[in-house]
Amino acid sequence: MPYAQCYGGHQFGMWAGQLGDGRAITLGEVLNSKLERWELQLKGSGKTPYSRFADGLAVLRSSIREFLCSEAMHYLGIPTTRALCLVTTGKYVTRDMFYDGNPKDEPGAIVCRVSQSFLRFGSYQMHASREDLDLVRTLADYTIRHHFPHLEKLRKSDSVSFSTGEGDDSVVDLTSNKYAAWAVEVAECTASLVASWQGVGFTHGVLNTDNMSVLGLTIDYGPFGFLDAFDPRYTPNTTDLPGRRYSFANQPDIGLWNIAHFATTLSTAQLINDNEANYAMERYGTKFMDEYQAIMTKKLGLPKYNKQLISELLKNMAIDKVDYTNFFRSLSNIKADSTIPEDELLIPLKAVLLDIGKERKDAWTSWLKSYLQELSASGTSDEDRKVSMDSVNPKYILRNYLCQSAIDAAESGNFEEVRLLLKVMSRPYDDQPEMEKYARLPPAWAYRPGVGMLSCSS
């Protein structure tokens, strides 16, 4: 018996009430040979009880984007829902892509996507908002039983208790309340997820609470984008342009904001107390910083985290609009050799430091000298460091212009580029000499309106 899920959510910081699967239908769950639970869901197959005034259909354009990006994220090593298959429907769907009064017919398509669960923060918020607190508990019990079973086996001997201040009432003992332990785990896996996004320059675009998975998965690929020219204020969502709430730089804080509302929901249902809710938020912050610092340290091949060096680097990258992916990939070619003349230091970065004048060259040279000092102190060989850095700095990411090229071909009936992109993105950290063109900077046409900039409902 297929079903659509009911959930609510905070959209752009405001409680939006009931939302639900407007164009997604769950076919059911299967257990594979490893006894892993997988939920199969069709996206774009038609109306659901939560479609509101929409038709519940999806177009080929957005379906290809979700199909390719969810798989690309998986191969980057980032937790995500997966795409099992993509089919065209043979019918056309009318969409006004730019909301400018010029709708057009586009080919329809359906993605079958799979996940251990599609439960979201908003799944619990909906029932708490209706004061159906027994249902919040029932859903929490279900989630823990099927997806966090280890939390039901915590014992006092595990010593999972933490002091959050002074006095006996400030001690949070996670072994005595499985819901508190669960809230902390959701907070930590969300923090790890956002840190991994920042590491590869991925911007989700719509981090509403209904788009946040309780399993810490990347979910709902609407307007998303990988950074090309580094811009901390980048957002791929036209709806978000005025305030840039969901910009690249804001993602860590928005993750915490969403965790706070998830914790409030559990508090409302009297599953956790205020101390436990605060501790979950605290763990989010600590886990994010730990993960992000570790990721950035590995990306630079440093022996230890250096806040000043990394901050200065990101500042320089923003000033010169340096390509995020190609810069870090090129950085592994730097040699920790103190005999290299100063005017030759930037040669390995020549392809990524484009059109910069003398003042900026001096700034980069100064940074590079500090960087080389750190590398020299590590004692790691240039060869070993390159292997290590290349294993965390992808050469290939799903750039918007690559996606658009595949979409344009597919809309003409040719899916070869979609298949080829999928093949390239399945080995993002490998040098693929025959696929070198897929690592290039975006061409001029990639900056035209509509390439990579989408609204929430596209």
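Let's start with strand 7, residues 104-115: 10 of its 12 residues are buried, so the strand is largely enclosed by the rest of the structure. Keep in mind that this is a predicted model.

What does strand 7 pair with? Strand 6, residues 82-95, runs antiparallel to strand 7, and 10 bridges hold the pairing together on paper. Within that pairing, Arg 95 has Lys 104 of strand 7 as its bridge partner. Strand 4, residues 37-43, is also antiparallel to strand 7, with five bridges between them. If you want a spot to look at there, take Leu 40, whose bridge partner in strand 7 is Val 114. Then there is strand 5, residues 58-59, joined to strand 7 by two bridges and again antiparallel. Here Ala 58 is bridged to Ala 109 of strand 7.

As you trace these strands, it helps to recall that side chains in a regular strand alternate between the two faces of the sheet.

From strand 4 you can step on to strand 3, residues 24-31, since seven bridges join these two antiparallel strands. Thr 26 sits opposite Gln 41 of strand 4. Strands 3 and 4 form a hairpin with five residues between the strands, and Leu 35 takes a positive phi near 60° in that hairpin.

Now for the helices. Helix 2 (residues 121-129) and helix 3 (residues 133-147) have axes that come within 7 Å and cross at roughly 160°. An angle over 145 degrees counts as roughly antiparallel, so that is how helix 2 is described relative to helix 3. Their crossing is left-handed. On the helix 2 side the contact involves Ser 123, Tyr 124, His 127 and Ala 128, while helix 3 brings Leu 133, Leu 135, Val 136, Leu 139, Ala 140 and Thr 143.

Further along the chain, helix 7 (residues 307-319) and helix 9 (residues 358-378) make another pair, with axes that come within 11 Å and cross at roughly 155°. That angle makes helix 7 roughly antiparallel to helix 9. The crossing of helix 7 and helix 9 is left-handed. Helix 7 makes the contact through residues including Leu 309, Leu 313 and Met 317, and helix 9 through residues including Trp 364, Trp 367 and Tyr 371.

Some of those names come back when you look at the nonpolar packing. The largest nonpolar core has 110 residues, and Trp 182, Leu 300, Met 317, Phe 327, Trp 364, Tyr 371 and Leu 398 have the most contacts inside it. Helix 4, residues 178-200, gives the most to this core, with 14 residues. Apart from it lies another core, of five residues, including Cys 6, Ile 25, Tyr 50 and Met 126.

Tyr 371 is a good place to zoom in. Not counting residues up to four places away in sequence, Tyr 371 touches Leu 300, Leu 302, Leu 309, Leu 331, Ile 334 and Met 389.

Finish at Gly 301, in the loop between helix 6 (274-300) and helix 7. Is this loop residue buried or exposed? At 14% relative accessibility, Gly 301 counts as buried, because the cut-off for buried is under 20%. Leaving aside neighbours within four places in sequence, Gly 301 is in contact with Leu 375, Arg 385 and Met 389. The C-alpha atom of Gly 301 is also separated by 9.1 Å from that of Thr 380, 79 residues apart along the chain.

Notes: Residues are numbered from 1 along each chain as its sequence is written. This is a predicted model: local features need pLDDT of at least 70, side-chain atom pairs count only at pLDDT 80 or more; totals for chains, interfaces and linings use all residues. Side-chain values use heavy atoms; hydrogens and water are left out. Buried means under 20% relative accessible area, exposed over 50%, partly exposed in between (1.4 Å probe, protein chains only). Helices (H or I, at least four residues) and strands (E, at least two) are DSSP runs, numbered from the N terminus. Two strands pair if DSSP finds at least two bridges between them. A nonpolar core is a set of buried Ala, Val, Leu, Ile, Met, Phe, Trp, Tyr and Cys residues joined through side-chain atoms within 4.5 Å. Contact means heavy atoms within 4.5 Å. Axes are lines fitted to C-alpha atoms, for helices over the stretch in contact, and angles run from 0 to 180 degrees between N-to-C directions. Angles under 35 degrees count as roughly parallel, over 145 as roughly antiparallel, 65 to 115 as roughly perpendicular and the rest as oblique. A crossing is left-handed if the near helix is turned anticlockwise from the far one by less than a right angle, and right-handed if clockwise.
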